[in-house]
Amino acid sequence: MIKFTVPWGQNGINAVDGIADVVYGMPRAEIIGLLETGKIKEGFRCLQADSVLRKGHMVFINTDKTMEDYLAVADVVFEEGEFLVFNKPAGIACIMKEQTSVPTLYSIAVAYMKKADEYNMDTLCVPYICYTIPKQIGGLVIVAKSQAAFENMLHALQERRVKRFFKVIVSGTPKQADLLKQFILDNGKGKTKVLDAYIKGARPHALKYVRGNGTEDLCELEIELVTNFRNCICAQLAAAGLPVLGDIRYGSAKINKKYALRQPAVWAHKIILETGRKNNLDYLNGTKIQTETVRLPKVGIPA
């Protein structure tokens with residue numbers, strides 16, 4: 001049995017799309033099959049494929065699987081000193097504000113440290129997520145094993161001594177290479193506004209990209225974040241006329257419908273540590289961490 005409360009942002013969404021968004025990894029064909037056989041209910045109401053979800057209502061999926069069965073494993077791709085780097089699957093949040101039984105990157109890191117006999121609350125040897133990436137996006141995340149290590153890495157991130165790179169699929173016509181520099185403003189409704197000029201409350205945000213292979217209407221980019229303020233890749237690329245494939249917030253509804261995607265085609269695939277010498281992170285200086293597992297949709301772009 002799988003059960004969940006319909007999030008506020010899913011209110012009014014059809015049952016297939018809403019369940020696919022919450023139970024990441026569950027095939028849409030399986031969702032439709034369960035709906036057709038009356039095995040998915042919202043309260044006492046049997047849902048159909050064209051039913052809409054209502055915020056705050058409990059959804060019950062009558063299956064012998066659990067939420068965890070549909071989530072890929074977060075692999076440790078690097079471990080050195082007081083740091084771990086996980087390759088987080090899309091669909092797993094880095095952290096959760098409320099208590100939940102659904103795995104998060106944090107809970108996975110806790111289990112990893114306990115298995116290695118490194119977890120100790122008394123000495124604050126516990127996982128610290130050094131930065132987060134959105135639940136819908138997968139890729140590399142640095143995790144510190146202690147508060148002191150976390151503070152050292154946070155300082156390095158603030159000073160841009162940690163370079164983070166993403167693989168992204170976009171539509172539009174990107175240049176061979178470009179630097180995008182704008183200001184980012186949260187509108188208070190969960191959406192980011194991209195501005196060309198500064199206004200009160202806005203933060204500067206910049207990214208570089210290099211164009212890769214493409215098809216008639218899609219192209220792969222390698223993105224390097226210049227600023228580490230927040231994850232605004234989708235908003236900034238959309239403002240530049242390069243909407244990210246699968247992004248339902250800022251992307252192209254036409255392209256997303258054509259490829260039947262509702263998950264952003266973004267993966268954090270590489271980290272370069274330029275931590276410098278004569279500091280607490282000097283043993284990591286020059287380290288390059290790159291994952292071979294980049295789960296982007298197969299849309300005909302040449303490798």
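Methionine 1 sits in the segment that comes before strand 1 (2-5). The model described here is a predicted one, and this residue is a friendly place to begin reading it. With a relative accessible area of 52%, methionine 1 is exposed, because the label applies to values over 50%. Met1 also has company on the outside: together with Met58 and Phe60, Met1 forms a nonpolar patch on the surface. The accessible area of these three residues together is about 260 Å².

Met1 leads on to threonine 63. Threonine 63 is placed in the loop between strand 4 (58-61) and strand 5. Is threonine 63 buried or exposed? Its relative accessibility is 13%, so threonine 63 counts as buried. Leaving aside residues up to four places away in sequence, threonine 63 touches Met1, Ile2 and Tyr70. Met1 can thus be met twice, once as a member of the surface patch and once as a contact of a buried threonine.

Strand 5 itself covers residues 75-80, and aspartate 75 lies in it. Aspartate 75 has a relative accessibility of 36% and therefore counts as partly exposed. Which residues does aspartate 75 touch, not counting those up to four places away in sequence? The contacts are Val85, Phe86 and Asn87. A longer view along the chain pairs aspartate 75 with lysine 163: the two are 88 residues apart in sequence, and their C-alpha atoms are separated by 21 Å.

Helix 3 comes next. This helix spans residues 105-115, and within it Leu105, Ala109, Val110 and Met113 are buried. These residues cover an arc of only 140 degrees around the axis, which means that they lie on the same side of helix 3. What do the buried residues of helix 3 pack against? Their partners are strand 6 (83-88), strand 7 (128-129) and strand 8 (138-144). Just after the helix, the backbone has a detail of its own: aspartate 117 takes a positive phi of about 60 degrees.

The cysteines can be considered next. How many disulfides does the structure hold? The number is zero. Cysteine 125, for instance, is in no disulfide, and the nearest cysteine sulfur, belonging to cysteine 130, is 14 Å away. Cysteine 125 is partly exposed, with a relative accessible area of 24%. Cysteine 219 is likewise without a partner, because the closest cysteine sulfur, in cysteine 234, is 16 Å from its own sulfur, too far for a bond. A disulfide would need the two sulfur atoms within 2.5 Å. At 1% relative accessibility, cysteine 219 counts as buried.

Charged side chains do find partners, with 12 salt bridges in the structure. One of them joins glutamate 42 and arginine 45, with an N to O distance of 2.6 Å. Glutamate 42 also meets arginine 54 in a salt bridge, again given as 2.6 Å from N to O. This second pair links distant parts of the chain, since arginine 54 is in the loop between strand 3 (45-46) and strand 4, glutamate 42 is in strand 2 (residues 40-42), and 12 residues separate them in sequence. How exposed are these three side chains? Glutamate 42 is buried, with a relative accessible area of 1%. Arginine 45 is partly exposed at 30%, and arginine 54 is partly exposed at 35%.

Another salt bridge brings back lysine 163, whose side chain meets that of glutamate 274 at 3.6 Å, N to O. Here too the pair links distant parts of the chain: lysine 163 is in strand 9 (residues 162-170), while glutamate 274 is in the loop between strand 14 (266-273) and strand 15 (287-290), 111 residues apart. Both count as partly exposed, lysine 163 with a relative accessible area of 27% and glutamate 274 with 39%. As for the earlier trio, salt bridges that share partners join Glu42, Arg45 and Arg54 into one network. Glu42 is the shared partner, taking part in the bridge to arginine 45 and in the bridge to arginine 54.

Terms used. Residues are numbered from 1 along each chain as its sequence is written. This is a predicted model: local features need pLDDT of at least 70, side-chain atom pairs count only at pLDDT 80 or more; totals for chains, interfaces and linings use all residues. Side-chain values use heavy atoms; hydrogens and water are left out. Patches are made of residues with over 30% relative accessible area and no salt bridge: like charges are joined within 9 Å, nonpolar side chains (Val, Leu, Ile, Met, Phe, Trp, Tyr) within 5 Å. Accessible areas come from the Shrake-Rupley method with a 1.4 Å probe; for residues, only the protein chains shown count as cover. A salt bridge is a side-chain nitrogen of Lys or Arg within 4 Å of a carboxyl oxygen of Asp or Glu. Helices (H or I, at least four residues) and strands (E, at least two) are DSSP runs, numbered from the N terminus. Buried means under 20% relative accessible area, exposed over 50%, partly exposed in between (1.4 Å probe, protein chains only). The arc is that of the directions from the helix axis to the C-beta atoms. Contact means heavy atoms within 4.5 Å.
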